[in-house]
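Subject: Structure handover

Dear colleague,

I am passing on the structure that we talked about, together with some notes on what was found in it. Please keep the model open while you read, so that you can look up each place as it is mentioned.

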Amino acid sequence: MLLRAEARHRSRLCVGLDPDPGRLPGRWRGDAAHLYDFCAAIVDATADLVCAYKPQIAYFAACGAEDQLERLMAHIRVTAPEVPIILDAKRGDIGSTAEQYAREAFERYGADAVTLSPLMGFDSIEPYLRYPGKGVFLLCRTSNPGGDDLQAQRLADVPGQPRLYEHIATLAQGPWNRNGQMGLVVGATYPSEIERVRALAPTVPLLIPGVGAQGGDAATTVRAGWRGDAEGRTTGPVVVNSSRAILYASGGEDFATVARAEAERTRAALWLAPA
Ligand SMILES: O=c1ccn([C@@H]2O[C@H](COP(=O)(O)O)[C@@H](O)[C@H]2O)c(=O)[nH]1
């Protein structure tokens, strides 16, 4: 689904849907009843420009607006049926609870993929893999500076003493990826770590947040993470997320038009990079 959307829309851009009531445009500002209206307008304005959407569940749950997230998921499905939806939930818990989180992501919200923390091990991931055709993105080297606190530490008991994020990449490319359902989250703010992850995990999709508001560079990100064959066909996909830089490109009534222009600019920067 991801490869089809990438080819069809000539896009490696994922628009992140992180609706902050305090940053909604014009007359909606401060009113959490309009999270859906805002995000739906962004989707309508960008549906032909993206390879994925990534709603961030925290922005809806914090306002008690899960019903609006359900409506948004349904709206994306109708407006852009070919575009995968990655629910950014960063779940991670024991198997019995993970089963409930998997139901929430895939049955309640109908997401195509969900972000997960791998810290609790494979049995905390396995319940999600029981859903055929659904994907998981494991946090690997996150975009925040504090990601180094744990992810850069070396594992003394693993041969070669890899850093934790390197070990996660190796597991996701190999033994944990039983049915090709696994991808990794790597921050655009750390391009050399993207390259390292890509070397260890040559074919898994990389979800790369950090372009836009966090300052990651689009072209550098794609060069570090995207891989293709001699004909230019993607063999190692990247899904590069930008949320705030697109959502809040304008705070006025023209927000959707300006968001589209910013999405077009980012999409072009991400597409032209490897050439
Ligand atoms: O390492 C990570 C993992 C997830 N995120 C999420 O991506 C977006 C980034 O938003 P911007 O406005 O483009 O900075 C947001 O939903 C984060 O929760 C991340 O930033 N880094």
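Asparagine 177 is a good place to begin, and you will find it in the loop between α8 and β6 (182–186). Please bear in mind, here and below, that this is a predicted model. Is asparagine 177 buried or exposed? Its relative accessibility is 16%, and because buried means under 20% relative accessible area, asparagine 177 counts as buried. Along the chain, asparagine 177 and valine 204 are 27 residues apart, while their C-alpha atoms are separated by 9.2 Å.

Leucine 171 belongs to helix α8 itself. With a relative accessible area of 14%, leucine 171 is buried, and between its C-alpha and that of alanine 201 there are 8.7 Å in space, although the two are 30 residues apart in sequence.

Proline 21 can be read in the same careful way, and its place is in the loop between β1 and α2 (35–46). Proline 21 counts as buried, at 17% relative accessibility, and its C-alpha atom is separated by 8.7 Å from that of cysteine 63, which is 42 residues away along the chain.

Methionine 120, in turn, is found in the loop between β4 (113–116) and α6 (126–129). Methionine 120 has a relative accessible area of 42%, so it is described as partly exposed, that term being used for values between the buried limit of 20% and the exposed limit of 50%. If you go from methionine 120 to glycine 252, you cover 132 residues in sequence and 43 Å in space, C-alpha to C-alpha.

Next, a point about the backbone. Most residues other than glycine have a negative phi. Which sign does phi have at arginine 10? Arginine 10 is not a glycine, and yet its phi is positive, at about 45°; this residue is placed in the loop between α1 (2–9) and β1 (13–17). Glutamine 161 also has a positive phi of about 45° without being a glycine, and its place is in the loop between α7 (147–151) and α8 (164–173). Glutamine 161 is partly exposed, with a relative accessible area of 41%.

Finally, please turn to the ligand, which sits in the second largest pocket. Which residues come nearest to the ligand? Of the 16 residues around it, these are Asp18, Ser143, Gln214, Ser243 and Arg244. The residues of this shell divide into four nonpolar, seven polar and five charged, and both β3 (86–91) and β10 (238–242) supply at least two of the shell residues each.

Some contacts can be followed atom by atom, and each of them involves an oxygen atom of the ligand. A polar side-chain atom of arginine 244 lies 2.6 Å from an oxygen atom of the ligand, whereas at serine 243 a backbone N or O atom lies 2.9 Å from a ligand oxygen. For lysine 54, an N or O atom in the side chain is 3.1 Å from an oxygen atom of the ligand. How much of the ligand does the protein bury? Taken alone, the ligand exposes 460 Å², and the protein buries 87% of that.

With best wishes

Note on methods: Residues numbered from 1 in each chain as written. Predicted model: local features only at pLDDT ≥ 70, side-chain atom pairs only at ≥ 80, totals over all residues. Heavy atoms only, no water. Near = heavy atom within 4 Å. Polar contact = N/O pair within 3.5 Å; in protein donor to acceptor, adjacent residues only side chain to side chain. Areas by Shrake-Rupley, 256 points an atom, 1.4 Å probe, with all protein chains shown as cover. 1 Å grid on protein atoms, 1.4 Å probe; cavity = no way out; pocket = protein on both sides within 12 Å on 5 of 7 lines; lining within 4 Å. Sits in = over half its atoms within 2 Å of the grid points. Helix = DSSP H or I, 4+ residues; strand = E, 2+ residues; numbered from the N terminus. Nonpolar A, V, L, I, M, F, W, Y, C, P; charged D, E, K, R; others polar. Buried < 20%, exposed > 50% of the residue type's maximum accessible area, 1.4 Å probe, protein only.
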